[in-house]
Amino acid sequence: MNSVFSFARLGALLIKEFIQMRRDRITFAMMLGVPLMQLVLFGFAINNDPKSLPTALVAISNDQYTRAMVSALQMTGYYRFDYVARSAAEAEALMAKGAVSFVVTIPADFARRVERGDNPQILIEADATDPSAASGAVSTLSNVASQALLRAQGMQATAAESARGQLQVVVHRRYNPEGVSQYNIVPGLLGVILQMTMVMMTAMALTRETERGTMENLLAMPSSPAEIMLGKVLPFLVVGAVQVAVVLVAAKLLFSIPFVGSLTLLLSAVLVFVLALVLLGYTISTMARSQMQAMQLTFFFFLPSLLLSGFMFPYRGMPGWAQVLGEIFPLTHFLRITRAVMLKGADFNAIGTEVGWLLLFVVVFAGTALLRFRRTLD
Amino acid sequence: MNAIDVHGLVKRFGDKTVVDHVTMAVAEGEIVGFLGPNGSGKTTTIRIMCGLLTADEGEGTVLGFNIRTESLRIKREVGYMTQKFSFYEDLTIGENLEFVARLYRLKPVGEYVARTLEELGLTSRRDQLAGTLSGGWKQRLALAACIMHKPKLLLLDEPTAGVDPKARREFWDEIHRLASGGLTVLVSTHYMDEAERCHRISYISYGKMLATGTVAEVVRNAGLTTFIVQGPHLDQVAAALDGRPGVDQVAPFGATLHVVGSDREKLEAALADVEKEHKGVMVTPGETSLEDVFIQFMSGSKDNMA
């Protein structure tokens, strides 16, 4: 009777636990949803060796060697020539905006030098703000280019010998010449840290009131939904501001991350981002019935946003559908903004679209939260 | 004008009708007790009145404002004390009161808070965290907070649950003091002694309003007859009486047995032989109490929560 272990008692505990699990729909959803989501995302969406990266071509002449070079690069599968820039400045702007990952420049005298055997050069500039994303494309480069050139010359059957080994592929790793991965990670972390704390804290905001029973009192007193929302959300903007300051100072002091852009511009974008996050958290808290549920919903949102935003894995490595999915996370747009401003020194024109996205999130989240907020206990 | 004037209120949660065509009128300055068993719809009715819930059917006014369309104005004029303590436990008493004062835009905040603390004798506890207060003090704080904006109507939902008798007594003295100043009070309770301190009572059971009036009226209208049985081995007497025609309730009260029935003749017939059957037992006519009436109500109405 007084045994230390009883299967009957264990059975009682198990039955109770399963009943509770069945009642808690969100846990149930997490149980099925998280493994599936991870499987699909890791399995299909994530690719550490991104192919078909958008590339701008700057080519003055349209000779056979240039064509051979371009088609050879295209054949590697890494480069996708989306733009033909008329000038180096135009290509530069495309890269600052993040529209292209590579700029391939084939000089006007390329054909002449090939024929003369006079050290022909092509220049490949890679956006090294995410060093790992560009590494595959860069490492295959030398071989492919030389072989393509040899083939082109083989058809011509002239000066083949002299050109062998003389093609120079000059690679510039832009914005991060040494390929330091911290340069990519730390500005990204700013967004991730903000997202983590802001969303989670505000997601608790309303559910805490509901759980402690103070919501009933708050609703019985004269306060409007908008007042309650702003009252919950604004204090966290202050918390966010402190976090931003801490991360930026640490980025400078501990990691020596270069900061080439405008601080004002970055801070303005951060403000919009944090506002979007706290409103998202608040929206979650209008849906969750307990703080536990709010936590779970927050994680449900975190996981795909970390994976699909381009923070952990190269955005451009993902298939099209995953990239589209990635666009619905504020973090995706914020990462582009921070990397552009901190590392590339982008101005407002370059990041305007991304800021526009963040503003859209602010409006959508605020609207959803206000619609979902129950003015009564019904 | 009545402070509360609602009729035909219906509230359903799913397929359960929690409030079933409740009609209620409370005159200004009145203290009305709202009685009924657990889950009878008291809280839901009160929440409908202060705009926290919307009724599925029915109309009415609170302080002259439509309960459907003017809930914001009602909220400004009503003080609602929730059944569960619903102020911030991680704020001090003073901070809680300041918060409430600012929500109602009372100016100057400090003066209102200081006066409220003084009136309720909470000044010395101003800086104590609300969460560390005992039940009685929490109740005083909650009352203080909901009368600070000088409401015209107080809706109190079981304000004295879990409060000791002395604190309850003081609480009711306070309620009467406020009512004499013109405040209307609707208070829900389980306690019979509290019901007797109300000007009028309304009894609700399983969503239906069963009786309303003064305590004497409610008892009289119930039309019950009560006999008191005294003597040894009352448990045996109770077992013998239970279920006899005419006997609706047999309940021990201290050293006596209350035998209640709605049909006087049948009850007398049922009790006729008791003194002979049980040695030393004496049957005398007794006063029907409010509690007898309520138990009669409860056994007579169907439980819709089951």
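**Two chains, from one buried leucine outward**

Q: Is Leu275(A) buried or exposed in this predicted model?
A: A residue counts as buried when 20 or more other C-beta atoms lie within 10 Å of its own. Leu275(A) has 23 such atoms within 10 Å, so Leu275(A) is buried.

Q: Which residues does Leu275(A) touch, not counting residues up to four places away in sequence?
A: Leu275(A) sits in helix α12 of chain A, residues 263-287. Its C-alpha atom is separated by 9.2 Å from that of Gly240(A), 35 residues apart along the chain. With residues up to four places away left out, the contacts of Leu275(A) are Leu237(A) and Val362(A).

Q: Why is chain A described as more spread out than a compact globule?
A: Chain A holds 16 helices and five strands. For its 378 residues the globule rule gives 21 Å, and the radius of gyration is well over that, so chain A is more spread out than a compact globule. Along the principal axes its C-alpha atoms fill a box of roughly 95 × 55 × 35 Å. The radius of gyration behind the description is 27 Å.

Q: What percentage of the residues of chain A count as buried?
A: Among contacts in chain A with a separation of 6 or more, 80% join residues 24 or more positions apart. Burial is counted over the 378 residues of chain A, and the share is 42%.

Q: Which helix supplies the largest share of the side of domain 1 of chain A that touches domain 2 of chain A?
A: The domain assignment splits chain A into domain 1 (53-174) and domain 2 (181-372), with C-alpha centres 39 Å apart. Their contact takes 10 residues from domain 1 of chain A and 13 residues from domain 2 of chain A. On the domain 1 side, α4 (88-97) and α6 (131-139) each supply at least two residues. The largest share, three residues, comes from α6(A).

Q: How far apart are the C-alpha centres of the two assigned domains of chain B?
A: UniProt, in an unreviewed entry, lists residues 4-231 of chain B as "domain: ABC transporter". That span is 34% helix and 30% strand. The domain assignment instead gives domain 1 (2-219) and domain 2 (225-287). The C-alpha centres of these two domains of chain B are separated by 40 Å.

Q: How many charged residues are on the side of chain A that touches chain B?
A: The contact between the chains takes 12 residues from chain A and 17 residues from chain B. On the chain A side, five residues are nonpolar and five polar, and the number charged is two.

Terms used
Residues numbered from 1 in each chain as written. Chains lettered and ligands numbered in written order. Predicted model: local features only at pLDDT ≥ 70, side-chain atom pairs only at ≥ 80, totals over all residues. UniProt positions renumbered as here; feature names shortened; annotations may be inferred. Helix = DSSP H or I, 4+ residues; strand = E, 2+ residues; numbered from the N terminus. Contact = placed C-beta atoms within 7 Å. Nonpolar A, V, L, I, M, F, W, Y, C, P; charged D, E, K, R; others polar. Rg over C-alpha atoms; globule rule 2.2 N^0.38 Å. Buried ≥ 20, exposed ≤ 12 C-beta atoms within 10 Å, placed from the backbone. Domains from an automatic or database assignment.
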